[in-house]
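Open your viewer and get your selection tool ready. We will walk through a few places together, one selection at a time.

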Amino acid sequence: MDPIDPAERARKLFAGPIDFLKSAPGLQFLPDPVVPEIAFAGRSNVGKSSLLNALTNRKTLARTSNTPGRTQELNFFDVGQPPVMRLVDMPGYGFAEAPKDLVKRWRFLVNDYLRGRQVLKRALVLIDSRHGVKPVDRDVMDMLDAAAVSYHVVLTKADKVKATTLDAMVAATAEETMKRPAAHPLLVATSSETGSGIAELRTAVLEAAEI
Ligand code: GDP
């Protein structure tokens with residue numbers, strides 16, 4: 001095998017040490033910006049925790065908590081020892097019952113992070129394969145476009161839809177996002193349940209981090 005095959009490098013890196021670093025409920029708590037960061041964003045229940053666990057081959061790296069209010073923090077995970085990059089679990093959005101001030105706090109925290117973070121190399125915007133892009137997802141893509149943070153769309157729970165439905169969802173999502181200034185053309189459909197798309201996403205994350 002080619003020793004520098006990107007997929008194999010990605011597999012090895014994600015099979016190695018990955019450790020929770022810290023939670024940041026505000027900008028003053030962010031870790032020093034010393035390595036590239038890749039941020040994960042998505043509506044609550046989109047499958048973000050499951051995807052982080054699948055990517056990192058772990059069962060409980062990311063908490064699968066769906067409680068509004070408990071998730072208003074950015075969670076940082078060091079990848080590699082010493083760390084070569086960080087994964088950033090952004091707070092889920094779009095709780096039906098979220099109070100207005102919580103939504104506001106989310107926007108401030110996320111916007112501050114997106115706008116000021118030089119080491120943030122890419123965001124992954126997670127979209128449920130069954131539901132497609134919703135207005136709240138468009139709001140987040142607007143924020144990313146405005147902050148000029150490049151992002152991929154990642155479809156989750158691909159195992160939950162038929163292959164033809166998934167193909168149509170990939171096409172519709174690509175069509176919608178390709179007009180956006182900061183959207184990266186690669187769109188990966190994943191399933192944390194079956195593992196489909198996970199290896200491809202690992203490779204894309206390394207490529208985005210430029211490591
Ligand atoms: P989060 O709120 O975005 O972190 O979502 P979770 O990772 O907690 O997932 C929400 C629900 O969807 C849980 O019941 C998961 O078991 C389920 N889920 C997540 N990813 C997948 C997937 O790829 N396939 C299937 N079938 N279910 C999934």
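## Stop one: the ligand shell

Start with the shell around the ligand, which by class has 12 polar, 5 charged and 1 nonpolar residues. Keep in mind as you go that this is a predicted model. Next, select Gly47, Lys48, Ser49, Ser50 and Glu193: of the 18 residues around the ligand, these come nearest. Which helix gives the most to this shell? Colour H2 to see, since H2 contributes 3 residues, the most to the shell.

## Stop two: helix H2

Stay with H2 and select residues 48-55. This helix is mostly covered, with 6 of its 8 residues buried. To pick out the buried ones, select Lys48, Ser49, Leu51, Leu52, Ala54 and Leu55. Lys48 and Ser49 are thus on two lists: they are buried in H2, and they are among the residues that come nearest to the ligand.

What covers the buried residues of H2? Show the helices H1 (6-15) and H6 (198-209), which are included in the cover. Then add the strands S2 (37-42), S4 (85-89), S5 (120-128) and S6 (151-156), which are part of it too. Before leaving, click on Asn57, just after H2, where phi is positive at about 60 degrees.

## Stop three: H1 against H6

Two of the covering elements, H1 and H6, are worth a view of their own. Their axes come within 8 Å and cross at roughly 90 degrees. That angle lies between 65 and 115 degrees, so H1 is roughly perpendicular to H6. On the H1 side of the contact, select Pro6, Ala7, Arg9, Ala10, Arg11, Leu13 and Phe14. On the H6 side, select Ala199, Arg202, Thr203, Leu206 and Glu207. Colour this contact by class and you will find 7 nonpolar, 1 polar and 4 charged residues.

## Stop four: H3 beside H4

Now move to H3 (residues 100-116) and H4 (residues 135-147). Are these two helices roughly parallel or roughly perpendicular to each other? They pack at an angle of about 30 degrees, with axes 9 Å apart. Angles under 35 degrees count as roughly parallel, and therefore H3 and H4 are roughly parallel to each other. Their crossing is right-handed.

For the contact itself, select Val110, Asn111, Leu114 and Arg115 in H3, which meet Met143, Leu144 and Ala147 in H4. By class, the residues of this contact divide into 5 nonpolar, 1 polar and 1 charged.

Notes:
Residues are numbered from 1 along each chain as its sequence is written. This is a predicted model: local features need pLDDT of at least 70, side-chain atom pairs count only at pLDDT 80 or more; totals for chains, interfaces and linings use all residues. Axes are lines fitted to C-alpha atoms, for helices over the stretch in contact, and angles run from 0 to 180 degrees between N-to-C directions. Helices (H or I, at least four residues) and strands (E, at least two) are DSSP runs, numbered from the N terminus. Angles under 35 degrees count as roughly parallel, over 145 as roughly antiparallel, 65 to 115 as roughly perpendicular and the rest as oblique. A crossing is left-handed if the near helix is turned anticlockwise from the far one by less than a right angle, and right-handed if clockwise. Two residues are in contact if their C-beta atoms, placed from the backbone, lie within 7 Å. Ala, Val, Leu, Ile, Met, Phe, Trp, Tyr, Cys and Pro count as nonpolar, Asp, Glu, Lys and Arg as charged, and the others, Gly among them, as polar. A residue is buried if 20 or more other C-beta atoms lie within 10 Å of its own, exposed if 12 or fewer, and partly exposed in between; C-beta atoms are placed from the backbone. A residue is near a molecule or strand if its C-beta atom, placed from the backbone, lies within 6 Å of it.
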